[in-house]
Amino acid sequence: MLRKLLKYDFKFVGKQFAIVWPAALALAVIARLSLVFLVRADPKDHIYYGAQGGQFAAVLAWAAMLVLVGVLLAMSVITLLFAIQRFYKGLLGDEGYLMHTLPVRPRQLILSKLICAEVATVVSVLVALAAIGIILWGFREFMDFWYALENSFLILFRELAEQSGGGVWLCVAELLVLLLMSGLRAYLHLYTAIAIGHLFQKHRVAMSFAAYVVIRAPLSFIVGTRRGIVPDLVFNVGIISAADAMGGIDGSLSYEIIGSAGNFHAAIWTQIGVILVLSAVFFLVTNYILRRRLNLE
Amino acid sequence: MDENIVTCAGLVKAYGPKRALAGVDLELGRGKIVGLLGPNGSGKTTLIKLLCGLLRPTAGTVLVDGKPVGPETKALVSYLPDRMYFADWMKAEDLLKLFADFYADFDWHKCTAMCDRLGVGPKDRIKTMSKGTKEKLQLALVMSRKAQLYLLDEPIAGVDPAARDFILNTIINNYNEAGTVVISTHLIGDIEQVLDEAVFLKEGQVVLHDAVDAIREREGKSVDALFRETFRTAAWEGGTI
């Protein structure tokens with residue numbers, strides 16, 4: 001039954017993003033073309049200095065950046081709203097009359113929405129990265145930044161792999177698993193808040209919002225007691241990139257930072273474990289409310 | 001298979017302090033057309049939603065085919081809600097596929113034939129249909145199932161007399177004769193001739209449940225007349241208090 005639900009819910013993903021995703025890529029292509037042809041910026045040169053059109057070119061270059069930022073912002077908002085709406089309207093609004101009278105279990109309904117939200121998020125992130133690449137790839141400012149980033153990632157992961165064993169790709173894969181799990185956890189947190197709001201007779205949206213904030217407090221305490229591995233990594237990559245940009249990497253500095261991370265695998269799996277437990281609690285609460293306390297009035 | 005398709009015992013549903021159902025005991029047999037009759041706010045919609053699992057009871061039990069409401073009973077129930085529950089951008093064909101996917105008792109050919117008669121093509125978008133056509137399409141989907149229990153919530157409220165005839169004929173000509181049809185309404189005159197049994201709901205309680213013929217014989221009047229008598233509220237005729 002889950003497969004059938006997914007078929008139905010993925011139609012909504014297609015409908016929602018059929019314009020957004022191609023539009024983001026098309027805008028990126030237009031922004032790049034306007035940079036290359038109108039500004040005549042040579043990708044090997046700096047966008048800004050290499051532009052031959054003077055002020056007009058500079059304005060265009062900034063406009064292209066603005067388009068990029070706009071597209072990324074719009075896409076993250078649309079993806080988040082999609083995830084919320086598909087749960088709220090799809091299960092607790094008018095459409096819930098259809099979904100809850102199908103011969104399926106509430107947990108299958110939740111899973112279907114969750115998988116769709118996660119897949120839509122992953123594709124949105126990939127499209128966003130592609131849009132960045134389409135606009136900026138090859139231009140010197142971006143490539144300088146890119147090489148610095150690539151370099152520091154490589155250094156970081158090589159060090160991590162050397163210290164903790166298992167190879168660079170295993171570390172990267174573990175990090176991706178952690179990111180995907182964090183996405184699921186975040187959506188389940190939202191679903192739980194919406195389901196709790198549904199328990200009230202009135203002001204359901206306000207109550208959902210309140211529930212979200214109330215859940216958030218102990219959550220940040222749990223995660224806050226030890227610094228998460230992702231902020232650690234972002235911090236490290238930032239430091240190394242900055243050191244690189246300032247002219248050469250101070251090996252001892254980066255080694256010291258990485259050394260403080262301890263065993264990478266242990267750290268990342270502890271964090272995945274915490275996220276799994278939290279996700280399971282959120283899922284069980286949401287499932288309980290839809291199964292035992294459903295009130296579609 | 002349980003003898004009764006519907007069994008409610010001491011069924012209570014409260015919305016905060018207000019009780020929409022205040023202890024309903026009701027048993028409905030198979031192969032009947034039952035009118036669930038009562039004025040607005042008497043608890044008709046609440047009872048139907050409890051039977052199809054959109055609400056959970058505050059107290060008491062509700063069984064369909066002898067089983068508590070869940071995926072198993074939902075497979076037996078064909079529910080027509082008092083609102084549109086489809087996404088606007090879908091095509092008629094999408095809805096048919098959805099019903100065919102989830103309900104083993106859905107008759108694809110019957111539904112497409114009904115859609116043809118309504119002038120609804122498979123590629124037509126829901127968004128472009130009039131309110132009346134959407135309602136008829138929803139009815140066609142619901143009546144194309146060979147269900148054990150049809151729960152039709154106010155199918156003839158707010159439609160013109162011609163549409164009313166269409167809806168009633170669709171119901172009468174297409175329901176599974178081994179199954180039971182529950183029609184909730186306050187427009188009794190229009191459906192009285194098709195009913196086998198009548199259930200009167202008043203302020204969340206069943207005040208009468210009997211065969212329509214038995215009611216007519218006993219009371220010496222139509223169910224419609226009895227309904228007006230039971231639910232009459234004396235109008236204030238002016239003067240000083």
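User: Which residue in strand 7 of chain B is the bridge partner of Leu80(B)?

Analyst: In this predicted model, Leu80(B) has Leu152(B) as its bridge partner in strand 7 of chain B. The two strands concerned, strand 6 and strand 7 of chain B, pair in the parallel sense over four bridges.

User: And is Leu80(B) buried or exposed?

Analyst: Leu80(B) is buried, and it shares one side of strand 6 of chain B with Ser78(B), while Val77(B) and Tyr79(B), on the other side, are buried too, which leaves both faces of the strand covered. In a regular strand the side chains alternate between the two faces of the sheet.

User: What sheet does strand 6 belong to, and in what order do the strands come?

Analyst: Strand 6 is part of an open sheet of six strands in chain B, with the order 6-7-8-3-9-10 and mixed pairing. Its edge strands are strand 6 (77-80) and strand 10 (205-211) of chain B, each of which pairs on one side only. From one strand to the next the twist averages 15 degrees.

User: Which helices pack on that sheet?

Analyst: Helix 5 (residues 131-143) of chain B packs on the sheet, where it touches strand 6 and strand 7 (149-153) of chain B, and its direction makes about 170 degrees with that of strand 6 of chain B. Helix 8 (residues 212-219) of chain B also packs on the sheet, touching strand 9 and strand 10 of chain B, with a direction at about 95 degrees to that of strand 10 of chain B.

User: How many bridges join strand 3 to strand 9?

Analyst: Four bridges join strand 3 (residues 33-37) to strand 9 (residues 197-202) of chain B, and these strands run parallel. One of the residues involved is Gly35(B), whose bridge partner in strand 9 of chain B is Ala198(B).

User: Switching topic, what about the sheet with strand 1 in it?

Analyst: That is an open sheet of four strands in chain B, in the order 2-1-4-5, and its pairing is antiparallel. Strand 2 (18-28) and strand 5 of chain B are the edge strands, each pairing on one side only. Strand 4 and strand 5 of chain B are joined by two bridges, and Leu63(B) has Pro68(B) as its bridge partner in strand 5 of chain B. Helix 1 (residues 44-52) of chain B lies across strand 1, strand 2 and strand 4 of chain B, running at about 115 degrees to strand 1 of chain B.

User: What does Ala14(B) touch?

Analyst: Ala14(B), which is found in strand 1 (residues 6-15) of chain B, touches Arg19(B), Ala20(B) and Thr58(B), if residues up to four places away in sequence are not counted.

User: Where are the residues closest to the centre of the second largest pocket?

Analyst: They come from both chains: Arg291(A), Arg292(A), Arg56(B), Val69(B) and Gly70(B) are the closest to its centre, out of 23 lining residues. About 530 Å³ of space lies in this pocket. At least two lining residues each are supplied by helix 5 (106-136) and helix 11 (264-292) of chain A, together with strand 4 (59-64), strand 5 (67-68) and helix 2 (71-74) of chain B.

User: What is the secondary structure of chain A?

Analyst: Chain A comes to eleven helices and zero strands. Of its 297 residues, 42% are buried. Chain A exposes about 15300 Å², of which carbon and sulfur atoms supply 71%. Among its contacts between residues at least 6 apart in sequence, 80% join residues at least 24 apart.

Notes. Residues are numbered from 1 along each chain as its sequence is written. Chains are lettered from A and ligands numbered from 1 in the order in which they are written. This is a predicted model: local features need pLDDT of at least 70, side-chain atom pairs count only at pLDDT 80 or more; totals for chains, interfaces and linings use all residues. Side-chain values use heavy atoms; hydrogens and water are left out. Two strands pair if DSSP finds at least two bridges between them. Axes are lines fitted to C-alpha atoms, for helices over the stretch in contact, and angles run from 0 to 180 degrees between N-to-C directions. Contact means heavy atoms within 4.5 Å. Buried means under 20% relative accessible area, exposed over 50%, partly exposed in between (1.4 Å probe, protein chains only). Accessible areas come from the Shrake-Rupley method with a 1.4 Å probe; for residues, only the protein chains shown count as cover. On a 1 Å grid over the protein atoms alone, a cavity is a set of points where a 1.4 Å probe fits but cannot get out, and a pocket is an open set with protein on both sides within 12 Å along at least five of seven lines; lining residues have an atom within 4 Å of a point. Grid points are joined across faces, edges and corners, and a volume is the space filled by probe spheres set on the points.
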